Amino acid sequence: MALSDYRSRLFLIAPDDPQPAFADQLSAALSGGDVACVLLTPSHDAALNKALVQQGQDAGAAVLIADDTPAAGRLGADGVHLSQAKAMDDATLAKWQDGGSIVGTAGINTRHLALDTGERGFDYLFFGRTDREQEPETHPKTTALATWWAEVMAVPCVAFSGTSSAAFEALAHAGVEFIAVRDEVWTATDPAEAVRTLNSALDRIAQLRMEAAA
């Protein structure tokens, strides 16, 4: 197996209702290294939304729109992120995916619900709640569900990390495919350096995991 098989990737959550100045922050963050995905909640500024989507895509990141499927199509985003799986029926899910779009879902707080949701064919399952203020530690339920899922299931998962480096690294050691971050990037003095630091940790942990598996 290659090193990339042992490496988690960043799933970057944009602030709610981004303002024009956020374009500079996003540009800086994306310059800091590998970002797999940017999750965007559109603002009322259509031109800004379009520019943010283009910024992410130009940097090689998939850009997903939170809950607003019409906006995802209108903005040319790579897909949609649902707060609840029930917000999209199976026929609509298949139609989006047949068109090449990514559809992931959150709102999962039990193993039973995770299994039921995973069987529907979503591209990823998201563990954690973005409507809560971030704490230094990852929520215990998020850690437990994401660790279990990453160990036994092929469908990728995203886990919303706590803001501490220890919390972030614990998810990487657990083999979670994508680690969602927010405040630790946007409240940093230099978003580029914040992303570089996170990627450096992911590189180091991937190497350790690969060596342990050898």
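**Nonpolar cores and buried residues of the predicted model**

In this predicted model, F127 touches I108, A114, T142, L145, A146, W149, C157, V158, A159 and F160 when residues up to four places away in sequence are not counted. Apart from the largest nonpolar core lies another core, which is made up of twelve residues and includes C37, L64, F126 and V158. The largest nonpolar core itself comprises 55 residues, and within that set F127 and V185 touch the most other members. Helix α9, spanning residues 191-213, supplies the largest share of this core, namely six residues.

Strand β8, which covers residues 178-181, contains I179. Because its relative accessibility is 0%, and buried residues are those under 20%, I179 counts as buried. Beyond residues up to four places away in sequence, the contacts of I179 comprise S8, R9, L10, F11, A159, S161, F168, L171, A172 and L202. The C-alpha atom of I179 is also separated by 5.5 Å from that of V158, although the two residues are 21 residues apart along the chain; V158 is among the residues touched by F127 and is one of the members of the twelve-residue core.

R7 is located in the segment before β1 (9-13). With a relative accessibility of 18%, R7 likewise counts as buried, because the cut-off is under 20%. A polar contact of 2.6 Å joins the side chain of R7 to the side chain of D203. When neighbours within four places in sequence are left aside, R7 is in contact with D34, E177, N199, L202, D203, A206 and R209; of these, L202 is also touched by I179.

Terms used:
Residues numbered from 1 in each chain as written. Predicted model: local features only at pLDDT ≥ 70, side-chain atom pairs only at ≥ 80, totals over all residues. Heavy atoms only, no water. Core = buried A, V, L, I, M, F, W, Y, C linked by side-chain atoms within 4.5 Å. Buried < 20%, exposed > 50% of the residue type's maximum accessible area, 1.4 Å probe, protein only. Helix = DSSP H or I, 4+ residues; strand = E, 2+ residues; numbered from the N terminus. Contact = heavy atoms within 4.5 Å. Polar contact = N/O pair within 3.5 Å; in protein donor to acceptor, adjacent residues only side chain to side chain.
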